[in-house]
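Good morning, colleagues. Please look at the sequence and the structure on the screen while I go through a few elements of the fold.

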Amino acid sequence: MAIKYLNRRTLLRGVLAGSSVALGLPLLEIMLNQHGEALANGDPLPKRFMTFFWGNGVVLQDAGLKNVDRFTPATTGVDWQPSEELAPFSKVKDYVSVVTGFDNPVSNNKKITHHEGMVLFGGHDLEDIGFDPEFQFSSNYGGPTIDQVIANLPGVGDQTPVRSIQVGIANGVSPVDGGTTLHALSHAGYKMPLAPEHNPQKLWTNVFGSFVPPEDPSGPLRLSVLDAVRDQLGSLNKRLGSADKKRILSHLDGISELEKKLNTLPPLCETPMEPSITNEPMPGNAEELVVVSELMSDLLAYAFACDISRVGSFLFNEGAAEVVFQDIGQNSSYHQLSHAKKNPGLDDYHNGVVYIMERMAYMLEKFQATSDGADGNLLDHMAMLASSDCSMGWSHTVDRQPMIIAGKLGGHLTHPGVHIASDNGRNTSDVLLTLLQGFDETATEVGSGAQGSTTPLDELKATAG
Amino acid sequence: MNRRLRGAFRTSFLVLASLLTVAAGCGADDPPIFGGGGAGPETMEMTAPPAGARQILKRQYVNSIELIFGEAAAEAADPPNSEKLYGLRSIGAAEIAISSQGVEDYEAAARRVAKAVTADSAAFAKWLPCEPKAFDDASCLEKVVSSVGRLAWRRALVKSEKDIVKTLGLAAATEYETFEAAVEYAILFLLQAPEFLYVVELGEDIPADHEDADPRDATRKRLTALELVTRMSFFLTDTTPSADLLDAAEDGQVETEEQIRAVAEQLLAAPAAKQALSAFYAESLFLEQLDTKLKDAETFPDYDVDLARSMRTEVEKLIEDIVWTRDADFRQLVTSETAFVDSRLAGLYGLKNASQIEGFEKKKLISSQKRVGFLGTAAFNTLESHLAHSSPTKRGAFIHSHLLCAKVPPPPANVDTTLPEDDPDEPKTTKQKLQAHMDDPACLGCHARIDPPGFALETFDAIGRYRSKYESGLAIDTSGETEDIGPFADASELGQMIHDNPNFPVCMLLKIYRHSMGHLETGGEGAVVKQLVETFAESEYKIQELLVNVATSPAFRLVGDPK
């Protein structure tokens, strides 16, 4: 296994007397109240949110095949027993809920294979279906994904120097999208994809490596340059049409984000060392999917624990993209394998699902091992929503699209976790609303129209009976 | 049989449909953007493409930095990637919003450029247009700002703008007590300003008596001379206009069609034009994906970074030879019987004395292999294959989508996409297995069109090596026929059929047209595109002439309402 971190030369130093705080207590004592249950100013401990995506579904039972379901737990409720594909979560099981049998609410005429699974992450339909004149496989995402909705709530993204973090692991670009839907898990809005960062070194720089120490005069000078850039954008904006105005507003938003970062002192808590690997794909070489996904998980844990960001998204592999799980002895494209509904092939597909779940489980275990507040860990104060681009790889259906939810979200979500099964195709967006209400208790709807929801999933909430 | 899937591919937009003989489709309904037009293009006045702002591409950013500041700064820049939309980065640059991370990355790129400019004090002194008398020499700073600003913003800065830059620069000079700091912060602003990052094309009013004026369309404008030379420079050379070109535009030398044509021809004569076209084809033929293309190491132990790079270079040299060295019929892209190979590719293709080849040499291919043109290249066959196996479906879909611009629809939802499994006692060829698609009415409509051209290429394995039969010993049947391509016996005949297909040159033309403005054509541009298609044919499909004709077409210099 490759070495994940370089030496400590790039370690950021805390500004108080040059000291940094020991690992394991990332959220500084001085930021907490005497009991460690809240921030010193009385605010509750911050809540975090993230989404996780993997491509090509899981092995569910297909009515036409009478095959064995290798994902869905046999029982529902709090006593759910992990299936083969959920076994990797054994160490964090109390924090995990599984939601099955819910239907993705995408409009029927917006289904184009692989794309429509993404509707689950925001409750908005796909747009511009088939706009690519050479390629009918193309769409754009119709609105903001749930992570961005939460990041933009007052008291979430505005409280941290980095509003949200987007990471990607496997480098393969999906060949089945001439638009933007499949190439990003986070979308700030229509035609506003937030490209995932695949390079751990670059992610480190983005999240930990670009704070300006207070004594460095470049900070204020750079801020005054940004002021002037903002003025130029403002005068250009007046001359443009509505579509371009939206793009300039997004640019202005980016200027504000950068200003916020430049105005923030380097974090006081322990930050990770700069990773040594860049995850650049090379023909003939295998991708280091395990190392890279562990690194990215570590970086996210540090970022959440240090309160550098409260929102993230984790795109393991794009739907239908070419990726090979060489670590488990495979030498075929995982997307190809996912088309196998029976052996030979089905076992390889299933092993791939397990492999992905192991990567997700590592991340959750890392969050569990990272203390947050006096007695808690990150999972106590966060929620993660994970799903795929389809239910089963061989049929590409988004009916019964499986979801994995992790974390207690500060007591908002039921604990220990449960298996909730719907036998009548309940709307997956109900879960989005439930999660959103963990950040905004006044929220009554999420998404748009029939793809959204106004009916939260009460069984997922801690208050359910 | 499923009614929706019956029949041939539909070219699903108005322009192409009106130009070509293409039958009804096997896919979904026309997308709304192309479905709205009423009358055919023949009867339509041109609707000018919308005005607006487009981001410059990553490569255009880097090339502009090289032109303004030199090589070291260009190497340091590393601006954010340009996202593709509908197959082209220029369309993404016109439609996708910049993200917060993108804004931060642009700032970082500008800082790296600024540092690189001042890093080498001897080179910096040489680059400066004046010798600073003090770290806060305002008049020398103004000279820097004027010359850099004009090249970066593609126009002269007005006084108030220069004052802003000077104020920022002098504040930094005062802080650090160096003139370098003044220049660095001036650059930092100039390169983050929207005037550098976006090409703004809003146009100016057209005099009512001018031939470009449309009495029924008051919104129609024409690009200003500066906007026009900027659009031409980025389209044809992927870089910011030179000072001379800006002078010409400001002096009223880029007004008439002859003058515009002369500018286009002059730009095409620059080495940057070759580089720009090469980058365009790397993008539009997906060659850049070779930089990351994985293969199964067990099946192809010789496949590595260098071989993948050679594959890409081969196609770039083939295009360079047709377009620039010989200014020949571009359709030779799919019929060329010679190839540009280095020793590794020559070995892959089974050519004699492969090890003696130095660099890339033009070689005659082995005619019995039927390997011709782009479809015979290792690059194409490697890209459109699985990790270990060739894929007639992938190759056929590429040919339809990206060479003939026929829209290939996705498979219907909830359909079984698996092929019949291998029976060791009764091996089957890929063609026989794919026959299952033809037997299933849900698949037949499309696969009967997608797969056959791929069968012709089955003699090339997943990295483009020739094979006369499958590993199983079964023979390869390369023959096939589709309604839109016609019959072919092998790869060489397939190349000829694509060459002769009227959709092929139109498809090549449309890609260039879209790229030139970062815009998908609409029905209102039908007449203009039709005219371009005719002159392309009259020129015997010369790409250089096409590039000039696109740059001088009314669609290129006129704009409508801002988008």
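I shall begin with a sheet, continue with the helices that lie across it, and end with one short helix segment. Please bear in mind that this is a predicted model.

In chain A there is an open sheet of seven strands, ordered E5-E8-E1-E11-E12-E2-E13, and its pairing is mixed. Strands E5 and E13 (419-421) of chain A stand at the edges with a single partner strand each, so one side of each has no neighbour in the sheet. From one strand to the next, the twist averages 15 degrees.

Within this sheet, consider E2 (residues 96-100) and E12 (residues 403-406) of chain A, which pair in the antiparallel sense over four bridges. A:Val96 has A:Ala406 in E12(A) as its bridge partner.

Turning to the helices, H5(A) lies across E1, E5, E8 and E11 of chain A, and runs at about 175 degrees to E8(A). Helix H8 (residues 429-437) of chain A lies across E1, E2, E11 and E12 of chain A, at about 165 degrees to E11(A).

Finally, which residues are buried in helix H2 (residues 200-207) of chain A? They are A:Pro200, A:Leu203, A:Trp204, A:Asn206 and A:Val207. These residues lie on the same side of H2(A), because they cover an arc of only 165 degrees around the axis. Their packing partners are E5, H4 (242-262) and H5 (289-305) of chain A, together with helix H6 (100-119) of chain B. At the N-terminal end, H2(A) is capped by A:Asn199, with a side-chain oxygen 2.8 Å from the backbone nitrogen of A:Gln201.

Definitions and conventions: Residues numbered from 1 in each chain as written. Chains lettered and ligands numbered in written order. Predicted model: local features only at pLDDT ≥ 70, side-chain atom pairs only at ≥ 80, totals over all residues. Heavy atoms only, no water. Buried < 20%, exposed > 50% of the residue type's maximum accessible area, 1.4 Å probe, protein only. Helix = DSSP H or I, 4+ residues; strand = E, 2+ residues; numbered from the N terminus. Arc of directions from axis to C-beta. Contact = heavy atoms within 4.5 Å. Polar contact = N/O pair within 3.5 Å; in protein donor to acceptor, adjacent residues only side chain to side chain. Pairing = 2+ DSSP bridges. Axes fitted to C-alpha atoms, helices over the stretch in contact; angles between N-to-C directions.
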